[in-house]
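Biologist: I would like to go through the labels on this model one by one. Please give the value and then the criterion.

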Amino acid sequence: MVAPTDAAPVEGTQASGAASIEGRAGPQGRRSAGALDPIRFEAVVFDLDGVLTETAEIHAEAWKRLLDEFLTRQSAASGRVYRPFDIDRDYRAYVDGRPRNDGVRTFLAARGITLPEGQAGEPADSLTVRALGARKDAYFLERLAQSGVKVFPDAQPLLANLRAAGLKTALVSSSRNAKAVLEAAGLAAFIDVVVDGLEAARLGLMGKPAPDTFLRALQQLGVPASRAVGFEDALVGVEAIRAAGYGLVVGVDRVDQSGELVAHGADIAVTDMQTLEVAAQEMATAAPRLAAWPPAAPTEDADWLIFEDGFTPTREHEIESIFAISNGHLGSRASLAEGGPMSAPATFAAGLFDTGPRSVLTMAPLPAWSHVAPVVEGVPLTLRSGRLLAQRRTLDMRQGIFWRDWRHEDAAGRVTHFQECRLASGDDRRLLLQSLALTAENYAGDFRFETTLDGTAEVHTGAGGMAVVSTASLCAPTPDRSAQPVRLGDLTVQAQLGQACRIDRFAAVGVSRHDPQPRAVAETHVQAAQARGMSDLIARHRNAWSARWDASDIRVEGDAEAQRALRLAAYHLISAADPTDDRVSIGARTLTGLAYSGHVFWDTDIYMLPFFALTWPEAARALVMYRFRTLPAARAKAARFGARGAFYAWESADTGEDVTPSSVVGPGGLLIPIKVAREEQHISADVAYGAWTYWRLTSDNVFLLEAGAEIIIETARFWASRAERGDDGKRHIRGVIGPDEYHQSVDDDAYTNGMARWNLRTAAAVVTHMAQRWPEPWAELRARIALEDAELDDWAAVARDLYTGFDPKTGLIEQFKGYFALKNLPGFVSRIVPVDVLLGLDQVMRTPAIKQPDVLMLIYLLWDEFTPEVREANFRYYEPRCAHGSSLSPCIHALLAARLGDMAVAEKYFRQAAEIDLSDNMGNASGGIHAAALGGLWQATVFGFAGLTFSDDGPRLDPKLPPAWRELSFRIRWRGKDYALNTSAPSVPAKELAP
Amino acid sequence: MTDAVVLVPLDGSKRALGVLPVARRLAGLAKAHLRIVHATEADRPLGETAGALGLQAADLRGATLEARAGNPAEAIVTAAADCGSRLIVMSPRSADVGPAGAISDTALAVLRAATCPVVLVDPTRAPGAWDLRRMLALHDGSPAVSHALGQVADLVREAGAELMVLQVAHDALALEAGSIAPPAYVDQVQHSWPAWSAEFLHRLGSICLLEAVSVRLLLGHGEPADEMVRMAGEESADLIVLAWKGRSDDASTLKAVLRDASCPVMVTRESNSGNKAPLD
């Protein structure tokens, strides 16, 4: 709890109706009305300068230097009396807390001076608002470089305590350098969301004292204003927080202005933020009562549900994957709570890797938090003995909840009813929740419980990472009695005939990568969760899912199977993303299984990203920022390969280093060398394409300025250095593997060359765009990456001369040099066996069988670059040659066939893609769901069947639906606006929704 | 002396004696004693029977001899049932007739009716000395076959042998719930092959107890019998194991393997209880 201990409440605070503040809590830890505890408040939002860091002083000095220079010059020119900038009074009154240019205008207005606004590209010494603002920034950075960032001594302890207490945090600053300052100050890890001057400009938000930026922070945190606390030192900042309606406004008084802070709207003013203490959440004095089962109403509409009835032991691993729960930060397989020989329970934390079997960096499993094995009258309740009367497991996609309903008769004839639900909180990503009800249907007797985790456990990785899982349990032996905190291992319940015993389990995970004090975070979160109670936590979780579905749901009228498949796709994609963490990305099997070791492939950039960019841009941003954060590793890889620019990892984990295994023992014990890390170079263009796609769909200019442009330029540099000039005068990219991995070490792969050319041209376009629109940031970036004009010329030449393999007579694009000369092997059956493993790559490479679309993938991604005839000719040529040796294949064929109007083929491939997980038709769902295939299914529906395209006028549809589909409707967010789209009225402009 | 029995039917042919080294070794692994049974239409004293079968004193050491009257196949199956035989080890064809690799009606009838695994040792290919170092088992990925293999896993363990499990990708896939089909594809082989192999072995191991057994997974494609024989030759298998439902009229895979395999072939019976969970 946070309550001022030494600083007395400022007079008038309570009378204003704001939160009352009490002194330090007594030994019992009573929660005061004004306490900053996880019950009353969910988020704390800070200003930067003057609150967390002492840059206010540097800012003030920069302002004084700038304005004194200006006033001196202006005095000389106008003959006015020179009156210098008052670093205390003028600073606080006119510039402190305001956006830079607002500060210039406000101060000059106070002196009766008006200057033109100015424009991009004007000389730095121009007498304009813009030029003065830019100069102030330069003075600030210059001074910052000299003195470094000073952090107020009370800032870090408070932030750490807030983190430990589980409160969300945000930073709101008018500064465009806020993130850099935060990083330099070592405080970035404590802040979940940053709304800085760049973000405000991007969104057109009004600066302080308008509430816009503070409201934006809450929007990103997903917290209502009444449940937020704001800390500000600037008077305009205090006004902004008050106007935003925060539950508590704290004025931070660094310059003896408490009275003014309160006068401007602060509930309290403190001179030292450490006078506010953050106490661990305590249990409510009155024990909660657990209602009768269930803790939340299950969804009834079958279109939102996936069922598994009965028990087939050898299918367990598939079930665990398909029914897994996840919130993007934590993921947990839907294993049997009581365990069993076919159970493979696993819970993962995004970004936590350790060296696994085969010395491959692999997601590190966390302790089995959901393991609860009931023992009835001394006999374990298990599916392996006795008689299964009924069992239904349900994935409730609407609410993100896994349900289990199981009735079992043991050898003595005792019938026990076991009910369970499990979820990974979408509201608080550190939480995993489980609720159980056990009913003795025809007997009375003792229940005991075995569990492998009854408290707190740690996981340490070889690289020094750490995760802590903390659990707590409440038990209500009967529905009418108060619940008590219990240790499951010590618990014995005397079950009465027909009465349900209810147990709620709370698990919280702290991860060192994310939480500076993981144990404190885990334990505090779990205590707070227990105090809050299961029903409230589930209600919040459901709200979070409801918001996601509002943005993401696709409705298919007339095809219930397709409807469920698309919802399963969206369910697992939503579950995989965490918009608050841009240091991790989504692995090929998300957090639902260990296949592919949790590694990140091109799957994310090409197959998953469009879903997020159009339904959850914040999550998409985190994914593309992961690529930016791993750019140094991509540069290093390129350098190792003797290339320039950025060569991204074919498989990456937490750092961006390439973690692709170098070999594998195949069937028969043969050692198979793995070439993809070296040769599957199209990954670099894929990453650039993802960055470009995100920007194109969201208009997130800040991303382009700060990250996207650099990604696109560095990958273009890679291609420019890779393309060799041939004797034919063409440029060639030799020794690569395209998406069709059946053919390795080939020259001039169509997809690779085509995407490289796109990458080069797009980079040139980005350079032109940036130079015209944002000359200053562009100049900074250009200097930082040392981009020469000659490089731009080289890009253009390489792109122009790059070999295409296009035959104008047939309209066909040869997949790689020599592909058209390949012949089928006698008896070769490509569609039922893994040909590369069985026959060996040497043999497969001599056949025209392809693993997945290569030329067709290029045509899909660069659709507008090809004529209808070329699209059609290549589809008809390559589709029959595809073995669909990847889950990434059928969805793209469905999409293309739909665009070409071949609905029978489109529907065939759509079904095939839809069943990859639901029917495990690839035979490998046990290792986790196929996230790329799910993203591809969504794309096949939206870009294929619905025919979604964009123009400057907005989105439009050109639907071509399977015969049974009466209507397809969905929502997207495009360039900051929400649209509701419906195939029933394709000629009518998409309905734009009110923000 | 143990109560466990390995039953060895002999028909009086000289070559049939060639099954004895295999039977004796398997009995040792099964911790069982040999029971030699001779089924004949006519009653004959046991002393005469031993002589008629060509048995030497050494052959009978640690073994018992039994003569049964009646239809040979019925007599063998009844004898096995009466003593709860762990295995039946026999020649696939009667007397010294028939081409190598052929299977007689008697052997086929025993296969259909026996409740225990039957090891067929072709007398024309019977090794002089035999040991179990590599067992090759055909597996269609179904739980039923895993159960069938469970009947002989202890032999592999006791022998310290390697169990090679071959799955053959072909058009006819196992349809039983919980089956794991051959991978339709291997995407990113560095990940998916180890993952698929682990899943296959996990499913097998959850039904067929494989503790302390060295297991290797092989993958083939085409006709299962051809692949089985090919792999047995390449991998120098000492024993081939086929799980059989006993329903197929032509037993084509079994016959083809018997025809071409150079090592003994064990036939275990599939049941429909494949998806029952293993007992605690």
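Modeller: We start with strand pairing, and keep in mind that this is a predicted model. In E5(A), Leu248(A) is the bridge partner of Val229(A).

Biologist: What makes strand E4 (residues 228-232) and strand E5 (residues 248-252) of chain A a pair?

Modeller: The bridge count. Pairing needs at least two bridges. E4(A) and E5(A) have 4 bridges, in the parallel sense. Therefore they qualify as a pair.

Biologist: Where do these strands sit in their sheet, and what is its order?

Modeller: The sheet is open and has 6 strands in chain A, ordered E3-E2-E1-E4-E5-E6, with parallel pairing.

Biologist: Why do strands E3 (193-195) and E6 (268-270) of chain A count as edges?

Modeller: Each has a single partner strand, so one side of each lacks a neighbour in the sheet. As for twist, neighbouring strands of this sheet are turned by 20° against each other on average, direction ignored.

Biologist: How do you know that strand E25 (residues 554-557) of chain A pairs with strand E34 (residues 967-974) of chain A?

Modeller: The threshold is at least two bridges. E25(A) and E34(A) are joined by 4 bridges and run antiparallel. So the pairing criterion is met. Within E34(A), Ser969(A) is the bridge partner of Arg555(A).

Biologist: Which side chains of E25(A) are on the buried face?

Modeller: Ile554(A) and Val556(A) point to one face and are buried. Arg555(A) and Glu557(A) point to the other face and are not buried. To be called buried, a residue needs 20 or more other C-beta atoms within 10 Å of its own.

Biologist: Now the helices. Why is H20(A) called oblique to H21(A)?

Modeller: The axes of helix H20 (residues 701-722) and helix H21 (residues 750-773) of chain A come within 8 Å and cross at roughly 135°. Roughly antiparallel would need over 145 degrees, and roughly perpendicular covers 65 to 115. The angle fits neither, so H20(A) is oblique to H21(A). The crossing of the two is left-handed.

Biologist: Which residues make that contact?

Modeller: From H20(A), they include Ile712(A), Ala716(A) and Trp719(A). From H21(A), they include Asn759(A), Leu760(A) and Met770(A).

Biologist: How do the residues of the contact of H20(A) with H21(A) divide?

Modeller: They comprise 11 nonpolar, 3 polar and no charged residues.

Biologist: What is the secondary structure of chain B?

Modeller: Chain B has 10 helices and 10 strands. Of its 280 residues, 53% are buried.

Notes: Residues numbered from 1 in each chain as written. Chains lettered and ligands numbered in written order. Predicted model: local features only at pLDDT ≥ 70, side-chain atom pairs only at ≥ 80, totals over all residues. Axes fitted to C-alpha atoms, helices over the stretch in contact; angles between N-to-C directions. Parallel < 35°, antiparallel > 145°, perpendicular 65-115°, else oblique. Left-handed = near helix turned anticlockwise from the far one by under 90°. Contact = placed C-beta atoms within 7 Å. Nonpolar A, V, L, I, M, F, W, Y, C, P; charged D, E, K, R; others polar. Buried ≥ 20, exposed ≤ 12 C-beta atoms within 10 Å, placed from the backbone.
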